[in-house]
Structures are given as C-alpha cells and as structure tokens.
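Me: I'm new to this one, and I'd like to understand the labels people put on it. Could you walk me through the reasoning?

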Amino acid sequence: MAKDNKIAIYPGSFDPLTNGHIDIIKRASMLFDKLIIAVASNSTKNSLFTIDNRVQIINESLSDNDSIRVDSFEGLLSDYARKNNIFTIIRGLRTLSDFEYEFQMAIMNRSLNSSIETIFLMTDEKYSHISSSFIKEIYKLNGDVSRFVPSPVIYQLNKIKNEKNNK
Ligand code: ADP
C-alpha cells in the first residue's frame, strides 16, 4: 500500500453488529482509503455471538467493498494497531456516557502508543438509541429487533433460538 494511503481501524465488540455500526462504517470509509473493522474478543463483556460469527455477520452485511476489511484481535488495541502499522482509530459517539468512556479510552490508548489518534464520528440521530447490549436484552425478552440490525444478525439470532428449542 502506498505510504500516503490513509488507513483507519474501527474496533469494537460488534456483538452483534447494528445499523448504528453500519452507519459509522459507511461514513468512515468515505474518509479513509482503507478501513479495518477489528472485532475485539473482550472477555469482560457477556457475549452472545462467537468472534467468528461476528466477523461473518459483518462480512455478510457489507456490500463488496475493496476498501473495507474485517479482522479480529485479542489483547490490547494499541498492540494490534502497532503490529499493523495503523495509527488512526475510529469510534462512534452517542451519548454523554459514551463520551466519558471513550475519552478515557482514547487517552489510555495514546499513553500506551503515542502515535495513536482516535477520531470520533457522532451517531446519526436515527441510530442514537441503538446499542448491541439493548439488542441482546430485547432479543432475550423475545422482542423484535429487526429494525435495528442487518438481516444476517436476524438469521443468526433465529439460528441460536432454534438450536436452543431443539435441545
Ligand atoms: P465496544 O465494546 O468496544 O464499545 P461496540 O460494538 O459496543 O464495542 O461499539 C463499537 C463502537 O461503535 C463504539 O465506539 C461505540 O460507541 C460505537 N457505536 C455503537 N453503537 C453506535 C451507534 N448506534 N451509533 C454510533 N456509534 C455507535
């Protein structure tokens, strides 16, 4: 890749991918030559989908675009960034509480790796109320989440439900 190509990482749990994430992905991919969506295996969060499932869902939900790649990583984001020589991180912001957490994380990432800059994209108001944890909660309470997530998520959620029912 040419030296002046601009590459960014959009890291997250994506458990599962939501329409809010897709909006950030689309907007970030307009700003950079290449965007790596990096699925974090985060042991502190109660996950619904495996890492492989999350990667698969993201791949299926995005239309073919050579400038977007999906990857997964374990460990520190700052180490993943260093290893791949990418120093721009994209994060989305919805609420004031997002801000506090994201602010601390951006500073921490920069103190772990001083070359890292975090760029924040403000949520589109259509998606400001959508979070993966809400999706999981609504799904567990048998609510309809189809307005908030792409169809590969619905497919995988139905699969989990069917597997449970057949046990
Ligand atoms: P993490 O566990 O790293 O917070 P998430 O998958 O929950 O991972 O979120 C990844 C990033 O996407 C975060 O920066 C989060 O604030 C952002 N994000 C999540 N949902 C939305 C949304 N609806 N609109 C804009 N940004 C969002």
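Me: Why is Asp124 called partly exposed in this predicted model?
Reply: Asp124 has a relative accessible area of 24%. Buried means under 20% and exposed means over 50%, so Asp124 at 24% counts as partly exposed.

Me: What makes Lys126 exposed?
Reply: The relative accessible area of Lys126 is 54%. The cut-off for exposed is over 50%, so the label fits Lys126.

Me: How do you know that Lys126 and Asp124 meet in a salt bridge?
Reply: The distance from N to O is 3.7 Å for this pair. A salt bridge needs a Lys or Arg side-chain nitrogen within 4 Å of a carboxyl oxygen of Asp or Glu, so Lys126 and Asp124 qualify. By this rule the count comes to seven salt bridges.

Me: Which parts does the salt bridge of Asp15 and Arg54 tie together?
Reply: Their side chains meet at 3.6 Å, N to O. Asp15 lies in the loop between β1 and α1 and Arg54 in helix α2, so the pair ties together parts that are 39 residues apart in sequence.

Me: Why are Asp15 and Arg54 called buried?
Reply: Asp15 has a relative accessible area of 3%, and Arg54 has 6%. Buried means under 20%, so both residues get that label.

Me: What makes Phe99 partly exposed?
Reply: Phe99, in helix α4, has a relative accessible area of 41%. That value lies between the 20% and 50% cut-offs, so Phe99 is partly exposed. Together with Leu96, Phe103 and Ile107, Phe99 forms a nonpolar surface patch.

Terms used:
Residues are numbered from 1 along each chain as its sequence is written. This is a predicted model: local features need pLDDT of at least 70, side-chain atom pairs count only at pLDDT 80 or more; totals for chains, interfaces and linings use all residues. Side-chain values use heavy atoms; hydrogens and water are left out. Patches are made of residues with over 30% relative accessible area and no salt bridge: like charges are joined within 9 Å, nonpolar side chains (Val, Leu, Ile, Met, Phe, Trp, Tyr) within 5 Å. Accessible areas come from the Shrake-Rupley method with a 1.4 Å probe; for residues, only the protein chains shown count as cover. Helices (H or I, at least four residues) and strands (E, at least two) are DSSP runs, numbered from the N terminus. Buried means under 20% relative accessible area, exposed over 50%, partly exposed in between (1.4 Å probe, protein chains only).
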